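Open the model in your viewer and keep the selection tool at hand. The stops below cover charged pairs and then aromatic rings.

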Amino acid sequence: TMLHDIRLLLLRICYGEVLNSDCGGGSLSSNTALLFYMFFMADMFAKNAEHDSPGTAQHARCLNSAFIAACEIMKVKDENQQGIINNNALQRGIADAAPMAGICCILFGNIEDEDNESNAGDGAYEDSNDDTMKGVNKRWITYRQHFLNGLIRCAGRRRASGMEDSGCISGRSAAKMARQNALVDWDIVDACDGTDVDSATGTSSKSILGKRAASGIDDHATALRPMITLFAILDKLSELYRMNMGDDKVTESSEQLVATIEACRRAENIQDLMKQANITLEHEIILAELEKAI
């Protein structure tokens with residue numbers, strides 16, 4: 001439950017939704033600080049679940065490993081391009097799992113080195129004021145590209161499903177949300193409806209990219225914006241988060257995270273946002289990844 005709460009809060013932040021629309025309070029800075037404490041609670045619950053519900057704990061701890069394995073499977077080049085390599089269910093599973101896999105990677109994989117992995121939950125970083133403990137997330141650094149590709153696919157999956165917000169806006173705040181949003185407005189030309197008609201057969205097929213020649217990265221900026229922002233947040237969290245941080249360190253880290261979020265929100269267009277998120281993928285690759293989840 002705590003992991004899902006983290007995911008929903010991150011989605012609301014990424015979509016620029018007003019965080020105080022339901023409770024009447026709560027700034028971006030206080031909610032980013034809350035994120036760190038939610039991670040601490042999720043780690044505690046995972047440890048308790050190892051005794052009461054070991055299957056659930058194992059599922060949470062292994063989710064990011066399964067995600068990475070699935071991404072590696074999809075990279076395999078098979079000569080006849082058949083079987084699991086082109087399994088649409090696996091492609092969509094990668095897209096759906098990407099946000100939670102990224103969260104679990106930071107929660108369970110944010111360790112200094114491989115030798116400390118087994119002790120990461122046993123006070124390995126008790127001295128929260130020791131600046132030498134960088135908490136380098138080696139798994140995130142190694143497989144950063146997989147998480148980026150997964151989130152891009154998630155953007156395509158959400159667009160294909162008609163999702164235009166975080167999915168957790170209550171009815172009473174929907175009208176208020178329509179009037180208020182923390183994101184800078186972009187001048188976006190809507191992409192084509194994505195319906196291609198075969199001139200020979202007269203049949204039509206759906207693709208969010210439509211005809212590749214007529215589709216560019218700017219045409220899909222609205223769909224990509226939240227997931228690119230989420231990637232930037234997770235990337236920053238992987239740098240900042242480590243176990244047993246003191247309150248002062250949480251405050252300092254949350255301020256840095258707020259700066260990252262606000263920089264993403266001020267981005268003037270999708271290219272500027274990608275620069276803020278330190279993404280250097282070619283546009284054609286991004287468009288190809290976007291379409292894989294459909």
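Buried here means under 20% relative accessible area, exposed means over 50%, and partly exposed lies in between. The model is a predicted one.

Select Arg153 and Glu289 to begin. Both residues are buried, and they form a salt bridge with the closest N and O atoms 2.6 Å apart. This pair links distant parts of the chain: Arg153 sits in helix H6 and Glu289 in helix H11 (residues 283–292), 136 residues apart. Add Lys292 to the selection: salt bridges with shared partners join Arg153, Glu289 and Lys292 into one network.

Stay on helix H6 (residues 144–160) and pick Arg157, then Asp96 in helix H4 (residues 88–109). Their closest N and O atoms are 3.3 Å apart, in a salt bridge. Because the two residues lie in these two helices, the pair ties together parts that are 61 residues apart in sequence. Asp96 is partly exposed at 47%, and Arg157 is partly exposed at 25%.

Next, select Lys249 and Glu252, whose salt bridge has its closest N and O atoms 3.9 Å apart. Both are in helix H9 (residues 247–265), three residues apart, about one turn of the helix. The salt bridge count comes to nine.

Now turn to the rings. The whole structure holds six aromatic pairs. One of them is Tyr37 with Phe40, edge-to-face, at 5.8 Å centre to centre and 85° between the planes. Tyr37 and Phe40 are three residues apart in helix H2 (residues 28–52), so about one helical turn separates them. Tyr37 is partly exposed at 32%, whereas Phe40 is buried at 17%. Finally, add Phe39 and Tyr241: ring pairs link them with Tyr37 and Phe40 into a cluster.

Note on methods. Residues numbered from 1 in each chain as written. Predicted model: local features only at pLDDT ≥ 70, side-chain atom pairs only at ≥ 80, totals over all residues. Heavy atoms only, no water. Phe/Tyr/Trp six-rings, centres within 6.5 Å; stacked < 30°, edge-to-face > 60°. Helix = DSSP H or I, 4+ residues; strand = E, 2+ residues; numbered from the N terminus. Buried < 20%, exposed > 50% of the residue type's maximum accessible area, 1.4 Å probe, protein only. Salt bridge = Lys/Arg side-chain N within 4 Å of Asp/Glu carboxyl O.
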